Amino acid sequence: MVQATPFLLLLFLALGAHGLAVKKCSLTGQWKNDLGSNMTIYEVNEDGDFSGKYLTAVSDSSSEIRESPLLGFQHPPDESQPTFGFTIRWNFTNTISVFTGQCFEEGNREVLKTMWLLRSRVENIKNDWKATRVGYNTFWRLE
Ligand SMILES: *[C@@H]1O[C@H](CO)[C@@H](O)[C@H](O)[C@H]1NC(C)=O
Ligand SMILES: *[C@@H]1O[C@H](CO)[C@@H](O)[C@H](O)[C@H]1NC(C)=O
């Protein structure tokens, strides 16, 4: 008993601390959004930067959809529920998207809540006013 008490206390601290810690919400992995688009994010490095690829389910372009590269930052790189931003260079059209968002722990699932801007290329400055769109997407980790 004399020995057991500190041992149990240590055990409790170890398990308790682990159980209370908010689960990490790293972006690394495969994600699917509400439109059916797929996104893969490779390893987030210690500075928070990452690359990945994006396969959109929707497009306004007449060209065939192709998987496209993305580059971004997760901030902070190693804490729960981080913010992030990334840019997608669409492979099949002269447009660029930027996403910004946050990863949330919702029950046992990780959810990315994002907003984006899509810049389309226009032929001249007179059409600049209509060149940018805005939207929302929610992503879930592919199990
Ligand atoms: C995303 O991945 C799922 C599962 O692999 C697949 O069924 C679906 O067709 C993909 N979506 C697109 C837009 O390719
Ligand atoms: C399109 O993007 C992918 C990354 O997902 C890359 O591997 C591929 O080479 C790109 N293709 C073109 C034509 O840029």
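Author: Two strands pair if DSSP finds at least two bridges between them. Strands (E, at least two residues) and helices (H or I, at least four) are DSSP runs numbered from the N terminus. This is a predicted model, in which local features need pLDDT of at least 70 and side-chain atom pairs count only at pLDDT 80 or more, while totals for chains, interfaces and linings use all residues. Residues are numbered from 1 along each chain as its sequence is written, chains are lettered from A and ligands numbered from 1 in the order in which they are written, and side-chain values use heavy atoms, with hydrogens and water left out.

Reader: In which sense do E2 and E3 pair, and over how many bridges?
Author: Asn 38 has Leu 55 in E3 as its bridge partner. The pairing of E2 with E3 is antiparallel, and its number of bridges is four.

Reader: Which residue of E4 is the bridge partner of Phe 50?
Author: E3 and E4 (residues 68-75) run antiparallel and are joined by six bridges. For Phe 50, the bridge partner in E4 is Gly 72.

Reader: Which side chains of E3 point to the buried face?
Author: Side chains in a regular strand alternate between the two faces of the sheet. In E3, Asp 49, Ser 51, Lys 53 and Leu 55 point to one face and are not buried (buried is under 20% relative accessible area, exposed over 50%, partly exposed in between, with a 1.4 Å probe and protein chains only). Pointing to the other face, and buried, are Phe 50, Gly 52 and Tyr 54.

Reader: Which members of the largest nonpolar core touch the most other members?
Author: A nonpolar core is a set of buried Ala, Val, Leu, Ile, Met, Phe, Trp, Tyr and Cys residues joined through side-chain atoms within 4.5 Å. Of the 20 residues in the largest one, those touching the most other members are Leu 27, Met 39, Tyr 54, Leu 70, Phe 86 and Leu 112. The elements that give two or more residues to this core are E2 (38-41), E3 (49-55), E5 (83-89), E6 (96-106) and E7 (109-119). The six residues asked for are thus Leu 27, Met 39, Tyr 54, Leu 70, Phe 86 and Leu 112.

Reader: Is Asn 33 buried or exposed?
Author: Asn 33 is found in strand E1 (residues 29-33), and its side chain reaches the backbone nitrogen of Leu 35 at 2.8 Å. Beyond four places in sequence, Asn 33 has contacts (heavy atoms within 4.5 Å) with Tyr 54, Asn 137, Thr 138, Phe 139 and Trp 140. Because its relative accessibility is 3%, Asn 33 counts as buried.

Reader: Which peptide bond is cis?
Author: Most peptide bonds are trans. Pro 76 has its place in the loop between E4 and E5. With omega near -5°, the cis bond is the one from His 75 to Pro 76.

Reader: What percentage of ligand 1 does the protein bury?
Author: Around ligand 1 (heavy atoms within 4 Å) are Gly 36, Asn 38, Leu 55, Thr 56 and Ala 57. A polar side-chain atom of Asn 38 lies 2.3 Å from an oxygen atom of ligand 1. Taken alone, ligand 1 exposes 360 Å² (Shrake-Rupley method, 1.4 Å probe), and the buried part of that is 41%.

Reader: What percentage of ligand 2 does the protein bury?
Author: The residues around ligand 2 include Lys 53, Arg 66 and Pro 69. Oxygen atoms of ligand 2 lie 3.4 Å from a side-chain N or O atom of Arg 89 and 2.3 Å from one of Asn 91. Of the 360 Å² that ligand 2 exposes when taken alone, the protein buries 47%.

Methods
A polar contact is a pair of N or O atoms within 3.5 Å; within protein, one must be able to donate a hydrogen and the other to accept it, and residues adjacent in sequence count only if both atoms are side-chain atoms.
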